[in-house]
Amino acid sequence: MAVKKNFLDRFIERVEDVDANSRQAYILRLARERGFFETVFNAVEEGILVVDQHLRIRYFNKAARELLGLPEDLEKLRLSQLLRGVDWKRILQQDAEEWARIARQEIEIAYPAHRFVQFYLVPHPEDATLATVILRDVTESRRRTMEALEHQTAQAVSMLAAGVAHEIGNPLNSLYLNLQLLERSGESPEAALSPEETAEMIRDCKHEVERLDGIITGFLSAIRPGNPHFEPVDLRQLVLETISFMHQELEAKSIRTSCDWPAPLPIVNGDPKQLKQAFFNIIKNALQAMPAGGELHISAHPEEAEWLVIEFSDSGKGITPEQLGNLFQPFKTSKPNGNGLGMMIIERVCREHGAEFGVNSRPDSGTTVFIRFPLPGRRLRVLPS
């Protein structure tokens with residue numbers, strides 16, 4: 001079977017086929033065009049790097065140097081040393097098709113400045129040994145997003161408050177009427193109630209008080225997410241409890257669920273309620289991606305003795321590049337009845353737990369959502385200047 005030639009091989013053959021004068025003119029033209037593209041790449045805000053399969057940096061633009069604080073000598077430097085939290089081992093061990101998978105992840109970096117960076121991996125279309133890494137600084141975007149969310153929350157609170165005012169009217173009226181009857185019963189012998197009637201009224205009052213408490217609690221939860229209460233948790237147990245809670249919906253949609261994790265699984269610090277809410281949203285998204293049924297595989301494994309990685313992989317329709325771009329944008333969704341906040345809630349829970357959250361997907365090949373939880377005692381490593 002003939003070996004497919006890469007761009008460099010074809011370029012050398014073409015140059016060797018022309019005479020010396022034409023070759024010189026050709027090289028001069030390439031040099032001018034290279035200078036033009038250098039100017040373009042250095043003008044864009046996104047950091048652009050070209051790396052090989054050993055993660056050696058073959059090219060970088062001005063923005064990439066500033067974002068990552070790249071030194072002059074790149075000979076011994078690997079991209080994995082600069083961008084931690086990326087499963088480079090998996091990327092490097094897979095075949096060329098793995099490089100073709102759409103990768104989108106938000107990474108927190110501490111050097112040369114504390115930033116949040118979106119990470120994209122784009123394989124070279126003609127050379128499977130090369131890939132382009134695109135980095136976008138989203139620190140300011142995250143701040144603006146939070147401000148926009150606060151504004152949207154204020155509007156939602158106004159609408160919610162109007163609904164609450166209506167909802168609490170009925171239990172308050174019932175309480176007032178029952179208390180009036182009890183008051184008259186105590187003041188006038190003619191209006192005295194039997195013990196059974198009095199007990200029934202007291203039960204009604206307690207029921208209405210419970211209704212009021214539920215309405216107010218729900219209102220406060222909607223406008224003010226609670227602070228996480230950390231304790232040692234077994235993620236395996238939380239996942240199993242979430243699956244058990246959703247088992248009817250999973251069975252109704254013909255979703256086959258499988259789990260794979262070592263025993264025992266390392267314990268992490270977390271808020272069980274918030275983590276189960278995040279797992280619920282992830283599984284809910286997987287269900288919506290498999291309307292005709294499919295498989296949901298959940299796995300977990302320790303990584304570098306510092307992290308515990310948990311992955312949710314579905315066999316659904318996958319996510320297009322356009323959808324990936326809006327995945328973490330509030331109030332943007334491709335679902336008819338969605339509000340676009342599901343992924344933001346998952347991301348918020350992960351951030352509050354010091355965990356890293358990312359998505360790997362490509363159309364018609366399923367989606368994998370992964371969370372990397374720091375293990376207790378993990379030490380933060382900062383790159384030297």
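**Exercise 1. Work out which part of strand 12 is buried, and find its pairing partners.**

Let's start with burial. In strand 12 (residues 367-374), seven of the eight residues are buried, so the strand is largely enclosed by the rest of the structure. Buried here means under 20% relative accessible area, exposed means over 50%, and partly exposed is in between (1.4 Å probe, protein chains only). Strands (E, at least two residues) and helices (H or I, at least four) are DSSP runs, numbered from the N terminus.

Next, the partners. Two strands pair if DSSP finds at least two bridges between them. Strand 10 (residues 307-314) runs antiparallel to strand 12, and eight bridges join them. Pick out Glu311: its bridge partner in strand 12 is Phe370. Strand 11 (residues 356-361) also pairs with strand 12 in the antiparallel sense, over six bridges. There, Asn360 has Thr368 as its bridge partner.

Last step, the turn. The hairpin of strand 11 and strand 12 has five residues between the strands, and Asp364 takes a positive phi near 65° in it.

**Exercise 2. Check how confident the model is.**

This is a predicted model: local features need pLDDT of at least 70, side-chain atom pairs count only at pLDDT 80 or more, and totals for chains, interfaces and linings use all residues. Residues are numbered from 1 along each chain as its sequence is written, and side-chain values use heavy atoms, with hydrogens and water left out.

pLDDT is the predictor's confidence in each residue, from 0 to 100. For the protein chain it averages 76, and 70% of the residues score at least 70. Now look at residues 329-333: pLDDT stays under 50 there, and the model has 18 contacts for them beyond four places in sequence. Residues 335-340 are also below 50, with 11 contacts beyond near neighbours in sequence. A contact means heavy atoms within 4.5 Å.

**Exercise 3. Compare the surroundings of Ser299 and Glu46.**

Take Ser299 to begin with. It lies in strand 9 (residues 294-303). Its relative accessible area is 13%, so Ser299 is buried. Not counting residues up to four places away in sequence, Ser299 touches Asp260, Val309, Ile310 and Glu311.

Then move to Glu46, in the loop between helix 2 (20-43) and strand 1 (47-52). Glu46 comes out at 29% relative accessibility, so it counts as partly exposed. Leaving aside neighbours within four places in sequence, Glu46 is in contact with Asn61, Ala63, Ile134, Leu135 and Arg136. As for Gln118, it sits 72 residues from Glu46 along the chain, with their C-alpha atoms 9.7 Å apart.

**Exercise 4. Test the length of helix 12 and look at its start.**

The expected span of a helix is 1.5 Å times one less than its number of residues. Helix 12 (residues 272-289) has 18 residues, so it should span 26 Å; its end C-alpha atoms are 26 Å apart, which agrees. At its start, a side-chain oxygen of Asp271 reaches to within 3.0 Å of the backbone nitrogen of Lys273. Buried residues of helix 12 include Pro272, Leu275, Phe279 and Ile282.

**Exercise 5. How many disulfides are there?**

Apply the rule: a disulfide is a pair of cysteine sulfur atoms within 2.5 Å. The count comes to zero. You can still check cysteines for burial: Cys350 is buried, with a relative accessible area of 3%, while Cys259 counts as partly exposed at 34%.

Technical notes:
A polar contact is a pair of N or O atoms within 3.5 Å; within protein, one must be able to donate a hydrogen and the other to accept it, and residues adjacent in sequence count only if both atoms are side-chain atoms.
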